[in-house]
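Visitor: I'd like a close look at one part of this model, the aromatic side chains. Could you walk me through them and then set them in the context of the whole chain?

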Amino acid sequence: MPYDEIETWSEIMAYFLLALAIGAEITATTFLKYSEGFTKFLPSLACVISYVICYVAFSKAIQRMNLGVAYATWCGVGIVVTTLISAIVFGEKISLAGVFGIVCIVVGCVVLNLNGAGH
């Protein structure tokens, strides 16, 4: 396999691991809400397991990615999806100011992903 293909595969794997970390973090945060302050065993266990998966995957992803880009993406996607889950699943309200703040986060993540990583 040529070196360029190895680098491309390595980058694809890094983004896959980042996506896994994001998904596990969102899952963990949702189970954290269901655990009711770690008073319910199964949601608490699912929360802890999901956070372990999250941090292992993230630690592997940042071996091949710019930390700032990876962290901004992780946080930005996590905030947006968790906010949607809180509204849809838990019926929690979000203000117009909250929506504006989330839009700012998404714009910041896009800008960082497009321009912020020095190679």
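Guide: One term before we start: two residues are in contact when they have heavy atoms within 4.5 Å. With that in hand, and bearing in mind that this is a predicted model, here's the backdrop. In the protein chain, 65% of the contacts with a separation of 6 or more come from residues 24 or more positions apart. The secondary structure amounts to four helices and zero strands, so to speak an α-α-α-α pattern when you read along the sequence. The C-alpha trace covers about 50 × 35 × 20 Å along its principal axes.

Now for the part you asked about. There are six aromatic pairs in the structure. Take Phe 58 and Trp 74: their ring centres are 4.4 Å apart and their planes sit at 25°, and because the cut-off for stacking is under 30 degrees, this pair counts as stacked. Phe 58 belongs to helix 2 (residues 41-61) and Trp 74 to helix 3 (residues 67-88), so the pair ties together parts that are 16 residues apart in sequence. Is Phe 58 buried or exposed? Phe 58 is buried, at a relative accessible area of 7%. Trp 74 is buried too, with a relative accessible area of 7%. Zoom out a little and you find both rings in one aromatic cluster, made up of Tyr 51, Tyr 55, Phe 58, Tyr 71 and Trp 74.

Another ring worth clicking on is Phe 90. The charged end of Lys 33 sits over that ring, 5.7 Å from its centre.

What about the cysteines? The structure has zero disulfides. A disulfide, after all, is a covalent bond between the sulfur atoms of two cysteines. For Cys 47, the closest cysteine sulfur is in Cys 54, and at 10 Å that is too far for a bond. Cys 47 itself is buried, at 1% relative accessibility. Cys 75 has its closest cysteine sulfur in Cys 109, 7.6 Å away, which is again too far for a bond. Cys 75 is partly exposed, at 27% relative accessibility.

To finish with the surface: 29% of the 119 residues in the protein chain count as buried. The chain exposes about 7,800 Å², and carbon and sulfur atoms supply 72% of that area.

Terms used. Residues are numbered from 1 along each chain as its sequence is written. This is a predicted model: local features need pLDDT of at least 70, side-chain atom pairs count only at pLDDT 80 or more; totals for chains, interfaces and linings use all residues. Side-chain values use heavy atoms; hydrogens and water are left out. A disulfide is a pair of cysteine sulfur atoms within 2.5 Å. Buried means under 20% relative accessible area, exposed over 50%, partly exposed in between (1.4 Å probe, protein chains only). Rings of Phe, Tyr and Trp (its six-membered ring) pair if their centres lie within 6.5 Å; planes under 30 degrees apart count as stacked, over 60 as edge-to-face and the rest as tilted. Helices (H or I, at least four residues) and strands (E, at least two) are DSSP runs, numbered from the N terminus. A charge sits over a ring if NZ of Lys or CZ of Arg is within 6 Å of the ring centre and within 35 degrees of the ring normal. Accessible areas come from the Shrake-Rupley method with a 1.4 Å probe; for residues, only the protein chains shown count as cover.
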